[in-house]
Amino acid sequence: MSWSALVGEALEGSGGAETVTGLRVRPGEALARVGAHEVSLIRVVWPQQEWTRVGAALASQPVFRARVQAGELPEAAARVFSLLGLDLVPTGWGDLVTTCSCDHWRGRCAHLRAVAAALGEQADVDPFVLTRWAGLDRRSLVALVRDLSTGERELPGDDNDEENSSHSREEGSGDVLAAGAITADRFSPDSFWDPIPQPPVPTLPSGIGDRVRAAAPGLVADELPQFEAP
């Protein structure tokens with residue numbers, strides 16, 4: 001399946017007879033003109049740590065490692081991103097913030113769908129347009145995969161953790177899921193679900209209750225916290 005087909009499948013309803021001009025893709029946003037209208041497709045940009053996970057996963061697989069270092073990004077790489085919980089192609093319109101200067105306010109206008117289709121067609125020519133949209137251009141991704149493959153770049157983690165360091169230098173030892181597990185943050189589930197400490201309730205100045213009741217008498221003031229009815 002081509003990149004344009006993947007985009008068309010994810011962004012259902014993309015396409016149309018509208019002519020798209022001036023398509024520009026930068027981290028987080030794809031912009032273009034459709035006739036007299038300005039269109040923008042905005043997506044989440046992944047932080048560097050997530051890109052390091054992607055680079056480690058690609059570097060762990062000989063086929064992907066060779067293809068990326070040769071300046072290619074096969075369509076099958078979309079599966080690698082997906083296994084790491086990252087969608088190179090957004091899974092639907094709900095993943096995007098979209099804007100158009102036309103007056104069509106209900107649903108997605110033809111201009112948005114046309115730009116989505118044009119983005120897919122551009123990805124067939126240069127699939128790294130999708131990585132740039134998500135935050136990393138071709139040169140940076142190729143360098144990342146190369147450095148992780150040769151051990152010139154360390155994976156994020158504790159420098160004193162010898163076991164993690166040895167894993168990060170292994171090539172081809174395990175699949176993409178293993179690479180994702182190695183590079184994932186070591187968060188504790190218990191600490192994740194611990195409630196956030198709440199700040200103490202501030203002490204109100206003396207006499208504030210009387211001033212509030214004077215400004216909002218009756219039932220309104222009676223329901224305010226820390227104010228006892230006289």
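This is a short tour of a sheet and some salt bridges in a predicted model.

**Stop 1: the sheet**

Start with the strands. Show the model as a cartoon and colour the strands. You are looking at an open sheet built from 4 strands. Their order is 1-2-3-4, and they pair in an antiparallel way.

Which strands form the edges? Select residues 20–26 for strand 1, then 97–100 for strand 4. Each of these edge strands pairs on one side only. Now look along the sheet. From one strand to the next, the twist averages 10 degrees.

**Stop 2: strands 3 and 4**

Keep strand 4 selected and add residues 37–42, which make up strand 3. The two run antiparallel, and 4 bridges join them. Pick out S40 next. Across from S40, in strand 4, stands T99.

**Stop 3: a salt bridge in helix 2**

Leave the sheet and turn to charged side chains. Side chains of opposite charge can pair when their charged atoms come close. How many salt bridges does this model have? The count is 6. Three of them follow.

Select residues 48–59, which form helix 2. Show the side chains of E50 and R53. These two form a salt bridge, with their closest N and O atoms 2.7 Å apart. Look at their places in the helix: E50 and R53 are 3 residues apart, so about one helical turn separates them.

Is R53 buried or exposed? Its relative accessibility is 14%, so R53 counts as buried, the cut-off being under 20%. E50 is partly exposed, at a relative accessible area of 23%.

**Stop 4: E72 and R67**

Now select E72 and R67. Here is another salt bridge, and its closest N and O atoms lie 2.4 Å apart. Turn on the surface and check both partners. E72 is partly exposed, with a relative accessible area of 34%. R67 is partly exposed too, with a value of 33%.

**Stop 5: D147 and R146**

For the last stop, select D147 and R146. They form a salt bridge, with 3.5 Å between the closest N and O atoms. That lies within the 4 Å limit, so the pair counts.

Which residue here is buried? D147 is, with a relative accessible area of 10%. Its partner R146 is partly exposed, at 37%.

**Looking back**

Show the three pairs together with the sheet. Find E50 with R53, E72 with R67, and D147 with R146. Then return to S40 and T99, opposite each other in the sheet.

Key:
Residues numbered from 1 in each chain as written. Predicted model: local features only at pLDDT ≥ 70, side-chain atom pairs only at ≥ 80, totals over all residues. Heavy atoms only, no water. Buried < 20%, exposed > 50% of the residue type's maximum accessible area, 1.4 Å probe, protein only. Pairing = 2+ DSSP bridges. Axes fitted to C-alpha atoms, helices over the stretch in contact; angles between N-to-C directions.
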